[in-house]
Amino acid sequence: MKIGGFLKQSFIDYPGNIASVIFTSGCNFRCFYCHNPDLVLPERIQENQFIEESEIFDYLLKNKSFLDAVVITGGEPTIHQDLPEFIKKIKGLNLLVKLDTNGTDPDLVKSLINREMVDYIAMDVKSTFEINKYKSIVGEQFNSKELDRIKESVNLIINSGIKFEFRTTLVKPFHSFEEIEEISSHLSGNYYLQQCRPLNSLNHCNKNFRQFKAQEIEEWRSKITKKEININYRTI
């Protein structure tokens, strides 16, 4: 596993649990607002040293009595073929596992769920499920097959029987209330609306995007009344 970062202890990344956070290197998206460019851009990844798995597991083994879980995020964890084996080692320590994903590999997501290897999944939904809207966020390399896989992942997660959440990072002028209302119509459970971080982003020189005001997002929340969804607001 190519590991680009490791946070030994977090009280916020796995709701209700104390967790270590593992950041995998590499991603199949190029979201312009991404706040982890060192884990996404190949030239930036090459500049950093990977963290050895042995270092991670030495820490987890010594400190598992003080931990509840491990969060695997990125980058995009599901692009790594050895992810299942990596998770198997974590589960062997009797720790919960939360996976953060963009949903482009539903086959892997389904396999992990069926094998009871993940206890919580957080999936990013970048925009409405329309090809050009998604491209405007994740890059021109995005295609219709990937969009279909993302839709499949949404349905898999909703019907998985495990804990899950969906989340959308909001950026002016790329999102609107109408778009969030459309996205939420396809979701259920916890749905988080997140603020972007323009200054720390992959494309930090782009002055055409900015944050929404917290009051605007709260107004959106109050207008969406779908019973099957619980919309929350948070910063990242």
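1. A word on terms before anything else: two strands pair if DSSP finds at least two bridges between them. By that criterion strand E4 (residues 96–101) and strand E5 (residues 120–124) are a pair, running in the parallel sense over four bridges. One of the matched positions is Asp100, whose bridge partner in E5 is Ala122. Please keep in mind throughout that this is a predicted model.

2. Now the sheet as a whole. Eight strands make up an open sheet with mixed pairing, and their order is E1-E2-E3-E4-E5-E6-E7-E8. Strand E1 (3–10) and strand E8 (229–235) are the edge strands, each pairing on one side only. On average, neighbouring strands are turned by 20° against each other, with direction ignored. As a general reminder, the strands of a sheet pair through backbone hydrogen bonds, in either a parallel or an antiparallel way.

3. On its other side, E4 has E3 for company. E3 and E4 also pair in the parallel sense, over four bridges. Within this pairing, Val71 stands opposite Lys98 in E4. How many of the six residues of E4 are buried? Five of them are, so E4 is largely enclosed by the rest of the structure.

4. Thr101 deserves a closer look. This residue lies in strand E4, and its relative accessible area is 2%, so Thr101 counts as buried, the cut-off being under 20%. Its side chain is joined to that of Glu76 by a polar contact of 2.8 Å. Leaving aside neighbours within four places in sequence, the contacts of Thr101 are Glu76, Thr78, Ile121, Ala122, Met123 and Asp124. Ala122 has appeared already, as the bridge partner of Asp100.

5. You may want to look at two peptide bonds. Gly74 and Gly75 are joined by a cis peptide bond with omega of about 10°, and Gly75 sits in the loop between strand E3 (69–73) and helix H3 (83–91). The other bond runs from Lys172 to Pro173 and is also cis, with omega near 0°. Pro173 belongs to the loop between E6 and H7. Most peptide bonds are trans, and most residues other than glycine have a negative phi.

6. That brings us to backbone phi. Asn94 is not a glycine, yet its phi is positive, at about 60°. Glu116, also not a glycine, has a positive phi of about 55°. Where do these residues lie? Asn94 is in the loop between H3 and E4, while Glu116 is in the loop between helix H4 (106–114) and E5. Are they buried or exposed? Asn94 is exposed, with a relative accessible area of 70%, and Glu116 counts as exposed at 64% relative accessibility.

7. For anyone thinking about the empty space, the largest pocket has a volume of about 830 Å³. Among the 35 residues lining this pocket, the closest to its centre are His35, Thr73, Asp100, Arg167 and Gln194. The elements that give two or more residues to the lining are strand E2 (19–24), E3, E4, E6 and E8. Which element gives the most? E6 does, with four residues. Asp100 links this point to the first one, as a lining residue close to the pocket centre and as the bridge partner of Ala122.

8. Towards the end of the chain, helix H7 (residues 177–184) lies across strand E6 (163–170), strand E7 (189–195) and E8. Helix H7 runs at about 155° to E7. Ser188 is found in the loop between H7 and E7 and is buried, with a relative accessible area of 15%. Not counting residues up to four places away in sequence, Ser188 touches Ile158, Phe164, Phe166, Glu228 and Ile229. Its C-alpha atom is separated by 31 Å from that of Gly5, 183 residues apart along the chain.

9. Finally, a residue on the edge strand. Asn232 has its place in strand E8, which pairs on one side only. Asn232 is nevertheless buried, at 17% relative accessible area. Residues up to four places away in sequence aside, Asn232 touches Asn190, Tyr191, Tyr192, Leu193 and Arg221.

Key:
Residues are numbered from 1 along each chain as its sequence is written. This is a predicted model: local features need pLDDT of at least 70, side-chain atom pairs count only at pLDDT 80 or more; totals for chains, interfaces and linings use all residues. Side-chain values use heavy atoms; hydrogens and water are left out. Axes are lines fitted to C-alpha atoms, for helices over the stretch in contact, and angles run from 0 to 180 degrees between N-to-C directions. Contact means heavy atoms within 4.5 Å. Buried means under 20% relative accessible area, exposed over 50%, partly exposed in between (1.4 Å probe, protein chains only). A polar contact is a pair of N or O atoms within 3.5 Å; within protein, one must be able to donate a hydrogen and the other to accept it, and residues adjacent in sequence count only if both atoms are side-chain atoms. On a 1 Å grid over the protein atoms alone, a cavity is a set of points where a 1.4 Å probe fits but cannot get out, and a pocket is an open set with protein on both sides within 12 Å along at least five of seven lines; lining residues have an atom within 4 Å of a point. Grid points are joined across faces, edges and corners, and a volume is the space filled by probe spheres set on the points.
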